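Trainee: I would like a close look at the hollow spaces of this structure and what sits in them. Please go slowly, since the terms are new to me.

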Amino acid sequence: MAILSMSKTLFKSLVHGPYTVLYPVKKKETYERTRGRVEINISQCIYCGLCQRRCPTGAIQVNRGNTTWSIDRLKCIQCNYCNEVCPKKCLRMNNEYTSPSFGSVRDDYTNARVSGDKENN
Ligand code: SF4
Ligand code: SF4
């Protein structure tokens, strides 16, 4: 009986093919609420650093002096905490994943308007 059941499972597996997606040849479908990657509207950022302090993996670096905000994409675990604490609501979770990479993927943002304001002060 056990052999019959095993043969049935084996046959089903052979006919069905792999259950995994052949990434990156084929992309997995994403949904509206898929947690892909964090995006920032840098013009709204006040460099308060709350997102950096809340981030459990240290993926975010905020430099108030240089008015820069950066994120190490491969350190991010998509927990969404940074988005929840941002007082300016300038962060959001995009449903597109970061492209695969072997090394560090750090994206740097700066707000020229704020930098300009600082220079004028
Ligand atoms: S919490 Fe929001 S406003 Fe503050 S540094 Fe982060 S992104 Fe900018
Ligand atoms: S989603 Fe989580 S891990 Fe990713 S940057 Fe925000 S706080 Fe850090």
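Mentor: What follows goes through the cavities and their ligands, then the largest pocket, then a few residues one by one.

The model is a predicted one, in which local features need pLDDT of at least 70 and side-chain atom pairs count only at pLDDT 80 or more, while totals for chains, interfaces and linings use all residues; side-chain values use heavy atoms, with hydrogens and water left out. Residues are numbered from 1 along each chain as its sequence is written, chains are lettered from A, and ligands are numbered from 1 in the order in which they are written.

Let's start with the words for hollow spaces. On a 1 Å grid over the protein atoms alone, a cavity is a set of points where a 1.4 Å probe fits but cannot get out. A pocket is an open set with protein on both sides within 12 Å along at least five of seven lines, and lining residues have an atom within 4 Å of a point. Grid points are joined across faces, edges and corners, and a volume is the space filled by probe spheres set on them.

How many cavities of 30 Å³ or more does the structure hold? There are two. The largest cavity holds about 80 Å³ of space, and the second largest has a volume of about 60 Å³.

Take the largest cavity. Ligand 2 sits there, meaning that more than half of its atoms lie within 2 Å of the grid points. The lining is made of 13 residues, and those nearest the centre are Cys55, Cys76, Ile77, Cys79 and Cys82. By class, 10 of the lining residues are nonpolar, three are polar and none is charged. (Nonpolar covers Ala, Val, Leu, Ile, Met, Phe, Trp, Tyr, Cys and Pro; charged covers Asp, Glu, Lys and Arg; the others, Gly among them, are polar.)

We can also look outward from ligand 2, counting a residue as near if one of its heavy atoms lies within 4 Å. The residues around ligand 2 include Val38, Pro56, Ile60, Gln78 and Asn80. The shell has nine nonpolar, three polar and no charged residues.

Now for the second largest cavity, which is the space taken by ligand 1. Its lining includes Ile40, Ile46, Trp69, Lys88 and Leu91, and the classes there are 11 nonpolar, no polar and one charged. Around ligand 1 there are 14 residues, with Cys45, Cys48, Gly49, Cys51 and Cys86 the closest. That shell divides into 12 nonpolar, one polar and one charged.

With these cysteines in view, what is the count of disulfides? It is zero, where a disulfide is a pair of cysteine sulfur atoms within 2.5 Å.

Some of these residues deserve their own look. Buried means under 20% relative accessible area, exposed over 50%, and partly exposed in between (1.4 Å probe, protein chains only). Cysteine 55 has 17% relative accessibility and so counts as buried. Cysteine 86 is buried too, because its relative accessible area is 8%. Proline 87, which also lines the second largest cavity, is partly exposed at 48%. It belongs to the loop between α3 and β4 (91-94); helices (H or I, at least four residues) and strands (E, at least two) are DSSP runs, numbered from the N terminus.

Back beside ligand 2, glutamine 78 lies in the loop between β3 and α3 (81-85) and is partly exposed, with 21% relative accessible area. Its phi is near 60 degrees, a positive value in a residue other than glycine. Most residues other than glycine have a negative phi. Threonine 67, in the loop between β2 and β3, likewise has a positive phi, near 50 degrees, and is buried at 3% relative accessibility.

Last comes the largest pocket, with a volume of about 180 Å³. It is lined by Tyr23, Lys27, Lys28, Thr30, Glu96, Tyr97, Ser99 and Pro100, which divide into three nonpolar, two polar and three charged. The C-alpha of glutamate 96 is 4.6 Å from that of glycine 36, although 60 residues separate them in sequence. Glycine 36 is buried, with 1% relative accessible area, in the loop between α1 (2-16) and β1 (37-40).
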